[in-house]
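Colleague: I am new to reading structures and would love a close look at one single part. Could you pick a spot and walk me through it slowly?

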Amino acid sequence: MEKLSAEDRLFVLTGAGVSAESGLPTFRGINGLWRGYPVEDVATPEAFAADPAMVWQFYSERRQRHESVRPNPAHVALGDIERALEDRFFLCTQNVDSLHEQAGSQRVVHMHGRLMQSRCSRTLCRTLPFDDRNLYRTRGEIPNCPKCGALVRPHICWFGEVPFQMELILQQLDGATVLLTVGTSGVVEPAASFVRMARLNRARTIYVGPEEPSNSEYFDEVLLGKAGELLPSFVNVPLG
Ligand SMILES: [Zn+2]
């Protein structure tokens, strides 16, 4: 990878591949099924309305699993890059885990929400998402919103819902001179379009991950391998 200049502004997009290197299974990694149900049928507002306890069981299992995983060298490398670039660095992740934060990242936006946060299930209720590591297995265990009384739900962007903080994300993407995409399949929109938007702005586009992405023709550089092994060398390149 060519070195970054002092004028570069780096926009990083990370996806499931980064978490997978820590041992967190992706939706696809668990064969798309949970207790025989397609995951797409569990992670929806409709499923929550029909059976909130079942949906919370699914996310409680994922919360429990999260307790045993640690950030890997890719997370650590991104934390190091952020420390070097400071506010010329922005990290947008499709991952809902907290591994970037655990590795020291601060300028990170979770476009698909956070596993370790919950919020009110009523769309119009204005209460903010809050940190929540609790496990809920029965309907009776699910807390109610202190403001409106509706059930609390995972702060996750479900199928059919709009990703979070898109205005900030697109603004940061617009100002970036380098787009670094790490460990995403290149399939999930709107993130898959980021590389096309970056190219329109003449930003340099770099892909790092184990498999060639489906949109690889849009990248200036495609580096195949474990992000945990490739990214640290990117950090060691003197910034200047
Ligand atoms: Zn509420």
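Modeller: Happily; what follows is a walk around the metal site and the strand that leads into it. Keep in mind that this is a predicted model. Let us begin with the metal. The zinc ion is held by the SG atoms of Cys120, Cys125, Cys145 and Cys148, at 2.2 to 2.4 Å. The angles among these four donor atoms are 97 to 117°, and the site is tetrahedral. Along the chain, the donors follow the spacing C-x4-C-x19-C-x2-C. Distant parts of the chain are linked here: Cys120 belongs to strand β6, while Cys148 sits in the loop between β7 and β8, 28 residues apart.

Now, are these two cysteines buried or exposed? Cys120 has a relative accessible area of 6%, so it counts as buried, because the cut-off for buried is under 20%. Cys148, at 32% relative accessibility, is partly exposed.

Next, follow Cys120 back into its strand. Strand β6 covers residues 113–120, and eight of its eight residues are buried. On one pairing, β6 runs antiparallel to strand β8 (residues 152–156), with five bridges joining them. Among the residues involved, Gly113 has Ile156 of β8 as its bridge partner. β6 also pairs with strand β7 (residues 130–131), again in the antiparallel sense, over two bridges. There, Gln117 is matched with Asp131 of β7.

So, to put the picture together: β6 pairs with β8 and with β7, and Cys120 of this strand is one of the zinc ligands.

Key:
Residues are numbered from 1 along each chain as its sequence is written. This is a predicted model: local features need pLDDT of at least 70, side-chain atom pairs count only at pLDDT 80 or more; totals for chains, interfaces and linings use all residues. Side-chain values use heavy atoms; hydrogens and water are left out. Buried means under 20% relative accessible area, exposed over 50%, partly exposed in between (1.4 Å probe, protein chains only). Helices (H or I, at least four residues) and strands (E, at least two) are DSSP runs, numbered from the N terminus. Two strands pair if DSSP finds at least two bridges between them. Donors are N, O and S atoms within 2.8 Å of the metal (3.2 Å for Na, K and Ca); water is not among the atoms, so sites may look incomplete. Four donors count as tetrahedral if all angles lie between 85 and 135 degrees; four count as square planar and six as octahedral if opposite donors are over 155 degrees apart and all others between 65 and 115; anything else is irregular.
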